[in-house]
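Subject: Handing over the structure

Hi there,

Here is the structure I promised to pass on to you. Have a look at it first, and then read on for what turned up in it.

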Amino acid sequence: MHHTTGVARTAAVLAAAVTVTALMTGCTPTGEDGAAAVPSSPASAPSAPSKPSAPSKPSATPKASPPAGPTPSGGTKACTTGQVKVSDAHQADVRPPGTGTGAVVVPVTNTSTHPCTLQGFPTVAGAGNGSPDHNLPLATTHSGTATAVSLAPGARAWTKLTFVNVQGEADGYCVPGATPAAFPTLVLGVPGAGSHQIAMDDGVFAECDDKVTVTAFSSAKPS
């Protein structure tokens with residue numbers, strides 16, 4: 001009797017164990033809070049290093065514009081018509097012999113408030129009684145070398161005009177045989193600064209052969 005009961009108990013225990021095992025098969029393990037445990041993902045592969053971007057090209061530097069206007073001497077602009085005044089001529093101390101004009105000195109003054117530069121030789125014409133169309137250009141011969149003359153406000157430059165002189169008394173005569181010419185005024189052309197009508201401070205311009213020798217403008221007064 002007791003033997004039968006022990007066998008039955010053993011069988012019951014075995015059956016219970018089989019039932020528990022069966023229940024556990026296929027179950028998903030849970031965490032402490034009852035949620036299903038999720039297996040951790042494998043470690044991510046290291047990402048490839050990013051390719052450095054190419055350096056940007058520097059912007060092109062704009063070219064500087066050339067300065068406007070002529071600068072013949074140390075950055076000073078050439079004198080213009082409105083900057084200079086050409087005064088009347090006067091007899092030169094050194095002139096060829098004769099009764100004509102011989103030679104005259106002509107001053108050019110910077111009347112502006114800014115410095116300017118004068119360079120070159122003048123042109124000369126006999127004034128045609130107030131009519132430019134009747135001006136008589138004189139053939140000029142250059143004497144010396146033209147260099148830039150910087151004129152401060154109020155400063156002067158000079159040129160000397162030497163004529164083929166008239167000889168004799170009264171109306172005189174010309175040695176080459178040409179007829180003497182006389183002009184109450186001359187028209188003096190200043191390089192870059194226009195034409196200016198001038199007179200003599202004593203008498204008229206008298207010359208032969210319509211020729212004149214001119215010096216370049218200079219800061220030194222000719223004799």
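The torsion about the S-S bond of C174 and C208 is about -90°, so this disulfide is left-handed. Its two ends come from distant parts of the chain: C174 sits in the loop between β9 and β10 (181-183), C208 belongs to strand β13, and 34 residues separate them. The S to S distance here is 1.9 Å, where a disulfide is a pair of cysteine sulfur atoms within 2.5 Å. Helices (H or I, at least four residues) and strands (E, at least two) are DSSP runs, numbered from the N terminus.

Before going further, please keep in mind that this is a predicted model, in which local features need pLDDT of at least 70 and side-chain atom pairs count only at pLDDT 80 or more, while totals for chains, interfaces and linings use all residues. Residues are numbered from 1 along each chain as its sequence is written, and side-chain values use heavy atoms, with hydrogens and water left out.

Back to that disulfide: C174 and C208 are both buried, a word that stands for under 20% relative accessible area (exposed is over 50%, partly exposed in between; 1.4 Å probe, protein chains only). For C208 the relative accessibility is 0%. Leaving aside neighbours within four places in sequence, C208 is in contact (heavy atoms within 4.5 Å) with V164, N165, V166, Y173 and C174. Take V166: 42 residues from C208 in sequence, its C-alpha lies 6.1 Å from that of C208.

How many disulfides does the structure hold? There are two, and they follow the pattern 1-2, 3-4 when bonded cysteines are counted along the chain. C79 and C116 are also joined by a disulfide, with 2.0 Å from S to S. Its torsion is about 80°, so this disulfide of C79 and C116 is right-handed. C79 is in the loop between α1 (2-24) and β1, and C116 is in strand β4 (residues 116-118), so the pair ties together parts that are 37 residues apart in sequence. Both C79 and C116 are buried.

Next, the aromatic rings. Rings of Phe, Tyr and Trp (its six-membered ring) pair if their centres lie within 6.5 Å; planes under 30 degrees apart count as stacked, over 60 as edge-to-face and the rest as tilted. By this rule there is one aromatic pair. F163 and F205 form it, and it is tilted, at 6.4 Å centre to centre and 55° between the planes. Because F163 lies in strand β9 (residues 156-164) and F205 in strand β13 (residues 205-215), the pair ties together parts 42 residues apart in sequence. F163 is buried at a relative accessible area of 5%, and F205 is buried at 1%.

Finally, do look at strand β3 (residues 103-110). Eight of its eight residues are buried, so β3 is largely enclosed by the rest of the structure. Both faces are covered, with A103, V105, P107 and T109 on one side and V104, V106, V108 and N110 on the other. Two strands pair if DSSP finds at least two bridges between them. Strand β1 (residues 84-86) runs antiparallel to β3, with three bridges, and K85 has T109 as its bridge partner. Strand β2 (residues 90-91) also pairs with β3 in the antiparallel sense, over two bridges; H90 partners V105. Between β3 and β9, again antiparallel, there are seven bridges, and P107 is matched with W158.

Enjoy exploring!

Best wishes
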